[in-house]
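User: Could you take a close look at the end of one helix for me, and then work outwards to whatever else is worth pointing at? Keep it chatty, I'll have the model open while I read.

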Amino acid sequence: MTTTLAIRGVTKQFGHGATSVEAVRGVGLSVESGEVLLIMGPSGSGKSTLLSIMGALLRPTAGTVTLNGVAISQLPERDLPPVRLREFGFVFQDFNLLAALSALENVALVAELAGTARAEALRRAGELLTELGLAERVAFLPDQLSGGEKQRVAIARALINDPSVILADEPTANLDSSNGHEIMRTLRAVAKERGRSVVIVSHDQRIRDIADRVVWLEDGQLRDLMTMAVDPVCGMSVEHDRAVTLEQGGELRFFCSRGCRAEFLGELDGPAETRPARTGPLASLFQAVRPKTP
Amino acid sequence: MTAARLALRSLARHPVRLAASVAGIALALTLTLALDAIYTGVANGLTAYIDHTGADVWVSQAGVRNLHMVASWLPDTVVDQVRAVPGVTDATPILYSTDTVAAGDDRGVAYVIGLPPGAPVGGPWSVVDGTGQPTAGGVVVDAAFARRAGVSVGGQATVMGRSARIVGLTEGTGSLVNSVAFVPFADFRAARGGAPVVSFVLVRVAPGAAPEAVASAIEAKVPGVTAMTGSAFSAGERRLVMDMSADVIAIMDGIGFIVALVVVALTLYIAVHGSRHELAVLKAIGARNRVLYATVLAQSAVSVAAGVAVAVGITAALAVVVPRTGVALEPALTLASVARTAAVGGAVALIAGVLPIRDVAHVDPLTAFRRGGAPA
Ligand SMILES: Nc1ncnc2c1ncn2[C@@H]1O[C@H](COP(=O)(O)OP(=O)(O)OP(=O)(O)O)[C@@H](O)[C@H]1O
Ligand SMILES: [Mg+2]
């Protein structure tokens, strides 16, 4: 596998002086073709900012972004639209389809913007939508599609110009669990069958199942994954140092709050004993963050 | 091409907004177009006699270049002198005066023409009742005037201060401001004291002869006259009206322009602000700013083009409907007027389309990642 997209020492500062925010601080990362990278982290930790920098939508304050050997963070603004158009495919939480265009046209438009003739663009769009199981929906307007269908249209749109990297920000956040699963499988297939790099930002624990690698962003910095765990009740990622814990049957569990722990205990319907976090086995924790072998 | 399609789709998505904007533009432009059509109709009425009377060249007292509100007096002898000029087939003297014609309860301004018997030109061109050739003590009046006055052939009318019997009714001789009445040459001369003068000499030229050349020849050979081709004489007459109306039309154009501009600029502003999220998405995907500018400009152009078309349609309909209401006015929509309105529309579309460019340029593609944009 070859490294497609690499970022090195990337920092992003918004604003100046007292009100300035360092949304991303010295992050280095790379993603290979055929790989699904999941970026997780609490709200406001800089995930979307990092993804925007990776996708050449935002210029880092410091550091470099290299795509297929080209330092795109160094390119002048006028050279960036074609890079976004041809090298990246974006998938958004809100789907962001153009409401006035049919599913087919939404997908074809992106090819047309890249200079493909309309007839060819429509043909390719139709093909892609068919592959994604939307053959019956091509003529529908976004308003007439379910959330899962919209997101599949968005994935087709992201794919039509054959980009190197797919960047998805919370692609399943607006979907129910079965549609969410569907989208995750689709994104994984995109990486595996088409050899694309897929970078997903998500809170969604379920996405771990399809990720080849998970990184944790907090306060704009990548954190050691070993210190993270998953609240079994609400599914939130919690830092092991700060978690509310519960040891039960020799197993240590981590919760985001006392409320979740109480709920967990209620569900189990039995007494339990709590202990401070720093002791006990970390088996569940390791399991939660173990990268899948591709 | 892509931009144009995007523009059309965006417009089609908000039909009410589009309709309101098109209606606003159309209204603003119809004001000018209709006014222009009315003035043109009036001018057509004023020049109807010149345009239809059949003279190739008009010979008048030196310096007289109009019919309206001027007097032209030439000695009788001029007629033969004109007749002798090479290229002249026939020369018909007429007497002319702006006077009033009264009949029944109606009274109106009229071009009164004193017509010699058997005149080959200078007479009415569309007779609907009776004769076109007034006989002693008779008068031929405009049919619409007669209808309003409630008189017909055989009735009485007062013209040049004398009572005359209506012997014929003609069509196309009336306008909002005046009509044309024909009396015998001799009656006219008698009413004016019998002086041996004529007002104009109407000339027909030999087949193949150029009216311009004959007019020049007349001016060269006959002293004390001005000779103009029928079309030049008509154009001068028309200019009289159009010069008066030009300022009003220009002001209305200005008002139409401003109103249309405000309407288009406002609807585009709303459209651009309403679609900021979609613009952000397009930018994030990699659409260049100029594609987005083109989309906005195309929306502007389409709205304005529709507005212009509706305005032209309304005015054309008025031109058909107004004369049927009995008003002695035929508003006339000219190509020049449509072209001018289209030019005003073009300027509106361009300016309104360019105004939101800053807004479009400032749309941050990153907002595509934020919630709050209408999820679609
Ligand atoms: N344009 C901006 N100007 C100023 N601050 C910004 C801007 N964009 C992001 N930030 C700040 O940077 C930090 C990281 O924001 P970002 O949107 O990347 O977080 P996130 O991890 O994606 O959060 P969430 O999970 O809620 O989407 C936040 O503190 C945010 O307020
Ligand atoms: Mg985010």
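Analyst: Right after H8(B) comes Gly286(B), and its phi is positive, near 120°. Keep in mind that this is a predicted model. The helix leading up to that glycine, H8 of chain B, runs over residues 276-285 and is mostly covered, with eight of its 10 residues buried. If you want to colour them, the buried set is His277(B), Leu279(B), Ala280(B), Val281(B), Leu282(B), Lys283(B), Ala284(B) and Ile285(B). Note that a histidine and a lysine, His277(B) and Lys283(B), are in that buried set.

Positive phi turns up in chain A too, and there the residues are not glycines. In general, most residues other than glycine have a negative phi. Ala56(A) has a phi near 65°, and you'll find Ala56(A) in the loop that links H1 to strand E4 (62-67) of chain A. Ala56(A) counts as buried because its relative accessibility is 8%, and the cut-off for buried is under 20%. Phe95(A) has a positive phi as well, near 65°. Its loop sits between strand E6 (88-91) and helix H3 (103-113) of chain A. Phe95(A) also counts as buried, because its relative accessibility is 5%.

The H1 helix that comes before the Ala56(A) loop brings us to the ligand. H1 covers residues 47-54 of chain A, and both H1 and strand E2 (21-32) of that chain supply at least two residues of the shell around ligand 1. H1(A) makes the largest share of that shell, three residues. In total, 13 residues surround ligand 1, and the closest are Ser43(A), Gly44(A), Lys47(A), Ser48(A) and Thr49(A). Sorted by class, the shell holds four nonpolar, seven polar and two charged residues. As for placement, ligand 1 lies between chains A and B.

Zoom in on the oxygen atoms of the ligand and you can pick out some short polar pairs. Gly44(A) uses its backbone: an N or O atom there is 2.8 Å from a ligand 1 oxygen. Lys47(A) uses its side chain, with a polar atom 2.7 Å from an oxygen of ligand 1. Ser48(A) also goes through its side chain, where an N or O atom lies 2.8 Å from a ligand oxygen. On its own, ligand 1 would expose 630 Å², and the protein buries 62% of that.

For a contrast with the well-covered H8(B), go to H6 of chain A, residues 177-194, where Arg185(A) sits. Its geometry checks out: 18 residues at 1.5 Å each should span 26 Å, and because the end C-alpha atoms are 25 Å apart, the two values agree. The buried residues of H6(A) are Gly180(A), Ile183(A), Met184(A), Thr186(A), Leu187(A), Val190(A) and Ala191(A). They lie on the same side of H6(A), because they cover an arc of only 155° around the axis. Turned away from that buried side are the exposed residues Ser178(A), Arg185(A) and Glu193(A). Arg185(A) earns the exposed label because its relative accessible area is 55%, and the cut-off is over 50%. From Arg185(A) to Ile72(A) you step across 113 residues of sequence, and their C-alpha atoms are 30 Å apart.

Back in chain B, there's a serine to look at: Ser72(B), in the loop from strand E1 (57-61) to strand E2 (74-75). Ser72(B) is buried, because its relative accessibility is 3%. Its side chain has backbone partners: a polar atom there is 2.9 Å from the backbone nitrogen of Gln61(B), and one lies 2.7 Å from the backbone oxygen of Ser199(B).

Last stop is Arg192(B), in the loop between helix H5 (185-191) and strand E10 (197-198) of chain B. Arg192(B) counts as partly exposed, because its relative accessibility is 40%. Arg192(B) and Met160(B) are 32 residues apart in sequence, with 8.8 Å between their C-alpha atoms.

Methods
Residues numbered from 1 in each chain as written. Chains lettered and ligands numbered in written order. Predicted model: local features only at pLDDT ≥ 70, side-chain atom pairs only at ≥ 80, totals over all residues. Heavy atoms only, no water. Near = heavy atom within 4 Å. Polar contact = N/O pair within 3.5 Å; in protein donor to acceptor, adjacent residues only side chain to side chain. Areas by Shrake-Rupley, 256 points an atom, 1.4 Å probe, with all protein chains shown as cover. Helix = DSSP H or I, 4+ residues; strand = E, 2+ residues; numbered from the N terminus. Nonpolar A, V, L, I, M, F, W, Y, C, P; charged D, E, K, R; others polar. Buried < 20%, exposed > 50% of the residue type's maximum accessible area, 1.4 Å probe, protein only. Expected span 1.5 Å × (residues − 1). Arc of directions from axis to C-beta.
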